[in-house]
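Biologist: I'm new to this one. Could you show it to me and explain the words you use for it?

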Amino acid sequence: MGLWAWALPMDYDGDGDMDLLVNCVNVSLFEKISQKSDKVIFKHGGPLSDKMLVVHTTSPTFIDWNKEGIWGILVGAQDVHFTTSRDS
Ligand SMILES: [Ca+2]
């Protein structure tokens with residue numbers, strides 16, 4: 001991760017625990033794989049897409065456009081466009 005990286009907690013895979021979506025040139029998924037009283041372990045699942053959206057930050061946030069109860073991700077791009085996933 002770099003200077004501009006920050007994490008958005010979200011249950012991305014729907015298994016009941018919070019994962020982290022971290023902005024980068026796209027959005028990287030860190031899946032929570034275990035938690036003990038003093039330690040949480042995440043597995044880096046890689047970027048959600050190979051597409052380079054920005055140099056600094058994509059500022060991902062979750063959104064349910066059509067109110068189905070299925071969260072998608074709203075991601076900013078450097079060309080002032082936005083892209084979403086899973087919520088069509
Ligand atoms: Ca999860």
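**Strands and their partners**

Modeller: Let's start with one pair: Gln-35 stands opposite Val-40 in β4. This is a predicted model, where local features need pLDDT of at least 70 and side-chain atom pairs count only at pLDDT 80 or more, while totals for chains, interfaces and linings use all residues. Residues are numbered from 1 along each chain as its sequence is written.

Biologist: What makes β3 and β4 a pair?

Modeller: Strands pair if DSSP finds at least two bridges between them. β3 and strand β4 (residues 39–47) are joined by 8 bridges, so they pair, and they run antiparallel. A hairpin links β3 to β4 through 2 residues.

Biologist: And how do you know that β2 pairs with β3?

Modeller: Strand β2 (residues 19–23) and strand β3 (residues 27–36) share 4 bridges, so they meet that rule too, again antiparallel. In this pairing Leu-21 stands opposite Leu-29 in β3. β2 and β3 form a hairpin as well, with 3 residues between them.

Biologist: Why is β2 called a strand?

Modeller: Strands are DSSP runs of E with at least two residues, and helices are runs of H or I with at least four, numbered from the N terminus. β2 covers residues 19–23, so its length fits the strand rule. The protein chain has 7 strands and 0 helices.

Biologist: What share of the residues is buried?

Modeller: 15% of the 88 residues in the protein chain. Buried here means that 20 or more other C-beta atoms, placed from the backbone, lie within 10 Å of a residue's own.

How values were computed:
A residue is buried if 20 or more other C-beta atoms lie within 10 Å of its own, exposed if 12 or fewer, and partly exposed in between; C-beta atoms are placed from the backbone.
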